[in-house]
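Here is a colleague's note on the model shown below. It goes point by point, with helix packing and selected residues as the main topics.

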Amino acid sequence: MKFIENMLKVFGGCCASAFLMEILMAKTPDSANLVTFLQFFFISLQGFIFTTKFGTVKPKIPLKQYAFLITLFFITSVANNYVYALHVPSTLHMIIRSASSPASMLVYCCVKKQYPKMTKAIGSVLISIGVALAMYGGAPTVESKGKFIYWCIGVAILLSTLITGAFTGLQQEMLYSKYGKHPDEMLFYTHAIPLPFFLGIYPQLQESALSLSSYLWILVALNIVSQFYCTYSVHELATKETTVTVTFILTLRKFLSLLISTIVFKNNLTYLHVCGTVFVVVGTYIYFDFFKRKMQRPVSLKDK
């Protein structure tokens, strides 16, 4: 029952955040970094008050240990924002990010020298095929060389952030195993320490803030709150479930967001998008051994 409750929290917060973000990006695509900054600021403010008790509580994990994690986290968060301005559709954006499982497997193989099971390898290949089909189906049909080049750059950024995101998860897992699980603390420091980095794009943030209408500011506020709830729920779930379970739930959440996006915003899904989505779903199913789990049902008294 607790597992279902935690899962619903992740689905509710993250789907709401993605839904509001898509509305904002449709109306003002240049405000992505401003929204990210405000998300970081809100989470940092909340953590400073409730987690560090106005700086009186010392971190359980040494601050220097956060350096690599925060760098990866910041690069991944900001880089994803620029994709919206590079003509990459939101549907394709979500489908590519659904390939986080094979990206994590690749990083684990390279760093920990641990080879995956056959089911994970097959699932990873199917997911990669699905992403490739979705990428091809999402390519712009307009004969504009400049637009196609921007699209290619956007896709390259998305694929790169899959790798940096996988390294982020690996580094987080290593810190948890060494210093214990402190999700509230990690949530605060991973958002508070990178705040000065936003000074490098301050003119852009100021321009975006001045261009927003009161209606858009309401959407931004709702997005900030829902993103906080999403991030907090994911950190909380990570302390109670395995990394595989968390990744699977997040993958399902991304596809649910894709479904909501298609229905509400009437995004034009081609047959290649549909085929790619089927490959990703089947690949995820095999990747996490659900066929094997169904076969291993508990033995009842009637079977004895």
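**Notes on the model**

1. Start at a loop. Phe288 sits in the loop between α12 (271-287) and α13 (290-295). The model is a predicted one, and that applies to every point here. Phe288 has a relative accessibility of 3%, so this residue counts as buried; the cut-off for buried is under 20%. Ser101 is 187 residues away from Phe288 along the chain, yet the two C-alpha atoms are separated by 9.7 Å.

2. Overall make-up. The protein chain has 13 helices and 0 strands. Read from the N terminus, the order of elements is α-α-α-α-α-α-α-α-α-α-α-α-α. Of the 304 residues in the protein chain, 45% are buried.

3. Contacts and surface. Take the contacts in the protein chain with a separation of 6 or more: 87% of them come from residues 24 or more positions apart. The exposed area of the protein chain is about 16300 Å². Carbon and sulfur atoms supply 69% of that area.

4. Helix pairs in general. A packed pair is described by two quantities, the angle between the axes and the distance between them. Three pairs follow.

5. α2 with α10. The axes of α2 and α10 are 9 Å apart, and the packing angle is about 55 degrees. That angle makes α2 oblique to α10. The crossing of α2 past α10 is right-handed. On the α2 side, the contact uses Leu34, Val35, Leu38, Gln39, Phe42, Ile43 and Gln46. These residues meet Trp217, Val220, Asn223, Ile224, Gln227, Phe228 and Thr231 in α10. By class, the α2 contact with α10 has 9 nonpolar and 5 polar residues, with no charged residues.

6. α2 with α9. Helix α2 covers residues 32-50 and helix α9 covers residues 202-211. Their axes come within 8 Å and cross at roughly 100 degrees. Which term describes the orientation of α2 and α9? Angles of 65 to 115 degrees count as roughly perpendicular, so α2 and α9 are roughly perpendicular to each other. Asn33, Leu34 and Phe37 in α2 meet Gln204, Leu205, Ser208 and Ala209 in α9. The class count for this contact is 4 nonpolar, 3 polar and no charged residues. Note Leu34: this α2 residue is listed in the contact with α9 and also in the contact with α10.

7. α8 with α10. Helix α8 (residues 183-192) packs against helix α10 (residues 214-238) at an angle of about 135 degrees. Their axes are 9 Å apart. The two helices are therefore oblique to each other. α8 passes α10 in a right-handed crossing. Pro183, Asp184, Leu187 and His191 in α8 meet Phe228, Thr231, Tyr232 and His235 in α10. This contact has 4 nonpolar, 3 polar and 1 charged residues. Phe228 and Thr231 of α10 take part here, and both are also listed in the contact with α2.

8. Tyr229. This residue is in helix α10. Is Tyr229 buried, partly exposed or exposed? Its relative accessibility is 38%, so Tyr229 counts as partly exposed. Leaving aside neighbours within four places in sequence, Tyr229 is in contact with Lys9 and Gly13. The C-alpha atoms of Tyr229 and Ser17 are separated by 8.9 Å, with their positions 212 residues apart along the chain.

9. Gln171. Helix α7 (residues 145-179) holds Gln171. The relative accessible area of Gln171 is 14%, so this residue is buried. Beyond its neighbours within four places in sequence, Gln171 is in contact with Gln65, Phe68 and Leu69.

10. Backbone check on the loop between α2 and α3. Lys53 is in this loop, and so is Phe54. Lys53 is not a glycine, yet has a positive phi of about 55 degrees. Phe54 is not a glycine either, and has a positive phi of about 60 degrees. What about their exposure? Lys53 counts as partly exposed because its relative accessibility is 44%. Phe54 has a relative accessible area of 57% and is therefore exposed; the cut-off for exposed is over 50%.

Notes. Residues are numbered from 1 along each chain as its sequence is written. This is a predicted model: local features need pLDDT of at least 70, side-chain atom pairs count only at pLDDT 80 or more; totals for chains, interfaces and linings use all residues. Side-chain values use heavy atoms; hydrogens and water are left out. Axes are lines fitted to C-alpha atoms, for helices over the stretch in contact, and angles run from 0 to 180 degrees between N-to-C directions. Helices (H or I, at least four residues) and strands (E, at least two) are DSSP runs, numbered from the N terminus. Angles under 35 degrees count as roughly parallel, over 145 as roughly antiparallel, 65 to 115 as roughly perpendicular and the rest as oblique. A crossing is left-handed if the near helix is turned anticlockwise from the far one by less than a right angle, and right-handed if clockwise. Contact means heavy atoms within 4.5 Å. Ala, Val, Leu, Ile, Met, Phe, Trp, Tyr, Cys and Pro count as nonpolar, Asp, Glu, Lys and Arg as charged, and the others, Gly among them, as polar. Buried means under 20% relative accessible area, exposed over 50%, partly exposed in between (1.4 Å probe, protein chains only). Accessible areas come from the Shrake-Rupley method with a 1.4 Å probe; for residues, only the protein chains shown count as cover.
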